[in-house]
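The report below goes through one structure, beginning with a single strand and moving outward to the sheet, the helices and a few individual residues. Please keep the sequence and the coordinates at hand while reading.

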Amino acid sequence: MKAKLIISGMSCGHCVKRVDNALKSLEGINSAEVSVGEAVIEGNVSIEQVKEAIDDAGYDVEKVEEL
């Protein structure tokens, strides 16, 4: 699966690092490219797991676009 996530609540490099760490800690994530307000992920993981990890990091997934 490859998807682009629109994430609210991110405003700085610290936010990017928190989301990047949350995504890369998930088993099944092959790659994660995170910038302020969005992330592109690839791997064998459910969107629900991804949303939960981002929520646990303190941010909200507003939109998911499968690529």
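## The two faces of strand E1

Strand E1 presents a covered face made of Ala3, Leu5 and Ile7, and an uncovered face that holds Lys2, Lys4, Ile6 and Ser8. The coordinates discussed here and below belong to a predicted model. E1 itself takes in residues 2–8, and it pairs with E4 in the antiparallel sense over 6 bridges, while the pairing of E1 with E3, which is also antiparallel, extends over 5 bridges.

Individual bridge partners can be named on either side of E1. Leucine 5, from the covered face, has valine 64 of E4 as its bridge partner, and alanine 3, which belongs to that covered face as well, is partnered by glutamate 66 in E4. On the side of E3, isoleucine 6 stands opposite glutamate 38, and this isoleucine is listed on the uncovered face of E1.

## The sheet as a whole

In what order do the 4 strands of the open sheet follow one another? The order is E2-E3-E1-E4, with antiparallel pairing. The edges are formed by strand E2 (29–35) and strand E4 (60–66), each of which pairs on one side only. From one strand to the next, the twist averages 20°.

## Helices on the sheet

Helix H1, comprising residues 13–24, lies across E1, E2 and strand E3 (38–43), and its direction runs at about 170° to that of E2. Helix H2, comprising residues 47–56, likewise packs on the sheet, where it touches E1, E3 and E4, and its direction makes about 150° with that of E4.

## How H1 meets H2

Two packed helices are described by the angle between their axes and by the distance between those axes. For H1 and H2, the axes come within 9 Å and cross at roughly 140°. H1 is therefore oblique to H2, since an angle has to be over 145 degrees to count as roughly antiparallel. The crossing of the two helices is right-handed.

The contact is made on the H1 side by Arg18, Val19, Ala22 and Leu23, and on the H2 side by Val50, Ala53, Ile54 and Asp56. Sorted by character, the residues of this contact comprise 6 nonpolar and 2 charged ones, with no polar residue.

## Two buried residues of helix H1

Alanine 22 is located in helix H1 and is one of the residues through which H1 makes its contact with H2. Its relative accessibility is 12%, and alanine 22 therefore counts as buried, the limit being under 20%. When residues up to four places away in sequence are not counted, alanine 22 touches Ala53 and Ala57, and Ala53 is itself among the H2 residues of the helix contact. The C-alpha atom of alanine 22 is separated by 17 Å from that of lysine 2, and the two residues are 20 residues apart along the chain.

Is aspartate 20, which also has its place in helix H1, buried or exposed? With a relative accessible area of 13%, aspartate 20 is buried. Leaving aside its neighbours within four places in sequence, aspartate 20 is in contact with Ala32 and Val34, and the residue range of strand E2 is 29–35.

## Two partly exposed residues

Valine 64 lies in strand E4, and with a relative accessible area of 29% valine 64 is partly exposed. Apart from residues up to four places away in sequence, valine 64 touches Ala3, Lys4, Leu5, Ile47 and Lys51; one of these, leucine 5, is its bridge partner. Between the C-alpha atoms of valine 64 and histidine 14, which are 50 residues apart along the chain, the separation is 22 Å.

Methionine 1 has its place in the segment before E1 and counts as partly exposed at 34% relative accessibility. Which residues does methionine 1 touch, not counting those up to four places away in sequence? They are Ile41, Glu42, Gly43, Val45, Ile47 and Glu66, and Ile47 appears among the contacts of valine 64 too. Although methionine 1 and glycine 43 are 42 residues apart along the chain, their C-alpha atoms are separated by 5.4 Å.

Note on methods: Residues are numbered from 1 along each chain as its sequence is written. This is a predicted model: local features need pLDDT of at least 70, side-chain atom pairs count only at pLDDT 80 or more; totals for chains, interfaces and linings use all residues. Side-chain values use heavy atoms; hydrogens and water are left out. Two strands pair if DSSP finds at least two bridges between them. Axes are lines fitted to C-alpha atoms, for helices over the stretch in contact, and angles run from 0 to 180 degrees between N-to-C directions. Contact means heavy atoms within 4.5 Å. Angles under 35 degrees count as roughly parallel, over 145 as roughly antiparallel, 65 to 115 as roughly perpendicular and the rest as oblique. A crossing is left-handed if the near helix is turned anticlockwise from the far one by less than a right angle, and right-handed if clockwise. Ala, Val, Leu, Ile, Met, Phe, Trp, Tyr, Cys and Pro count as nonpolar, Asp, Glu, Lys and Arg as charged, and the others, Gly among them, as polar. Buried means under 20% relative accessible area, exposed over 50%, partly exposed in between (1.4 Å probe, protein chains only).
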